[in-house]
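Visitor: I am new to this structure and should like to understand the words used to describe it. Please explain on what grounds each one is applied.

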Amino acid sequence: MSRLKTDFVAKARTAWPGEPPAFVVVLAEEATRTSLAATAKRIGYTGGLVSNIIANKYPAGFERIEAKVRGALMNECVMCPVLGEIGRDRCLDEQAMPRLATSSIRSKLWRACRNGCPHSRIKTEGGQ
């Protein structure tokens with residue numbers, strides 16, 4: 001017996017007033033095409049969070065999630081001062097990585113992400 005696939009796009013269109021944001025539609029399309037769990041794994045979040053975004057029930061801001069979706073599912077890129085052109089999702093992942101004294105690239109990335117990179121979402125003590 002096969003399981004019916006959930007139409008997450010229909011859920012998004014019902015939940016959001018007017019047209020859902022483009023990233024929500026892409027997220028819902030991917031969840032419908034694959035699964036909620038697979039989509040969540042692709043962007044590095046939980047299925048519950050993805051479900052809440054699609055259902056317009058996520059209580060916090062979703063700028064970071066939108067950036068992850070745009071990078072992982074919409075092929076949006078940014079120009080990294082260290083790595084060159086990378087996906088927006090990878091940019092966020094690199095910002096979250098620790099500084100490693102054993103890796104010159106990791107150290108360069110750590111510094112670049114904290115010293116004026118226009119794509120950085122890291123809040124610095126100086127108020128950036």
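Guide: The following exchange takes the helices, some of their contacts and several single residues in turn.

Guide: This is a predicted model, in which local features need pLDDT of at least 70, side-chain atom pairs count only at pLDDT 80 or more, and totals for chains, interfaces and linings use all residues. Residues are numbered from 1 along each chain as its sequence is written, and side-chain values use heavy atoms, with hydrogens and water left out.

Visitor: What pLDDT does the protein average?

Guide: The average is 91, and 94% of the residues score at least 70; pLDDT is the predictor's confidence in each residue, from 0 to 100. Confidence is lowest in α7, at a mean of 92, and highest in α2, at 97. Such elements are DSSP runs numbered from the N terminus: helices are H or I with at least four residues, strands E with at least two.

Visitor: Why is α1 called roughly antiparallel to α2?

Guide: The two helices pack at an angle of about 150°, with their axes 7 Å apart. Angles run from 0 to 180 degrees between N-to-C directions, and axes are lines fitted to C-alpha atoms, for helices over the stretch in contact. Angles under 35 degrees count as roughly parallel, over 145 as roughly antiparallel, 65 to 115 as roughly perpendicular and the rest as oblique. The arrangement of α1 and α2 is therefore roughly antiparallel.

Visitor: Which residues make that contact?

Guide: From α1 come F8, V9, A12 and R13, and from α2 come V24, V25, A28, E29, A31 and T32; contact means heavy atoms within 4.5 Å. By class, seven are nonpolar, one is polar and two are charged. Ala, Val, Leu, Ile, Met, Phe, Trp, Tyr, Cys and Pro count as nonpolar, Asp, Glu, Lys and Arg as charged, and the others, Gly among them, as polar.

Visitor: Why are α2 and α4 called oblique to each other?

Guide: Helix α2 (residues 22-33) and helix α4 (residues 47-54) pack at about 125°, with axes 10 Å apart. That angle falls in none of the three named ranges, so α2 and α4 are oblique. In this pair, F23, V24, L27, A28 and A31 of α2 meet V50, I53 and I54 of α4. The contact has eight nonpolar residues, with no polar and no charged ones.

Visitor: How do you know whether A12 is buried or exposed?

Guide: A12, in helix α1 (residues 8-15), has a relative accessible area of 1%. Buried means under 20%, exposed over 50%, and partly exposed in between (1.4 Å probe, protein chains only). A12 is therefore buried. Not counting residues up to four places away in sequence, A12 touches P20, V24, A28 and I54.

Visitor: Which residues of α7 are buried?

Guide: In α7 (residues 104-114) they are R106, S107, L109, A112 and C113. These buried residues pack against β1 (77-80) and α6 (88-96).

Visitor: What makes the phi of N56 worth noting?

Guide: Most residues other than glycine have a negative phi. N56, in the loop between α4 and α5 (63-72), has a positive phi near 60° and is not a glycine. With a relative accessible area of 33%, N56 is partly exposed. N75 also has a positive phi, of about 55°, although it is not a glycine. N75 lies in the loop between α5 and β1, and its relative accessible area of 63% is the reason that N75 is called exposed.
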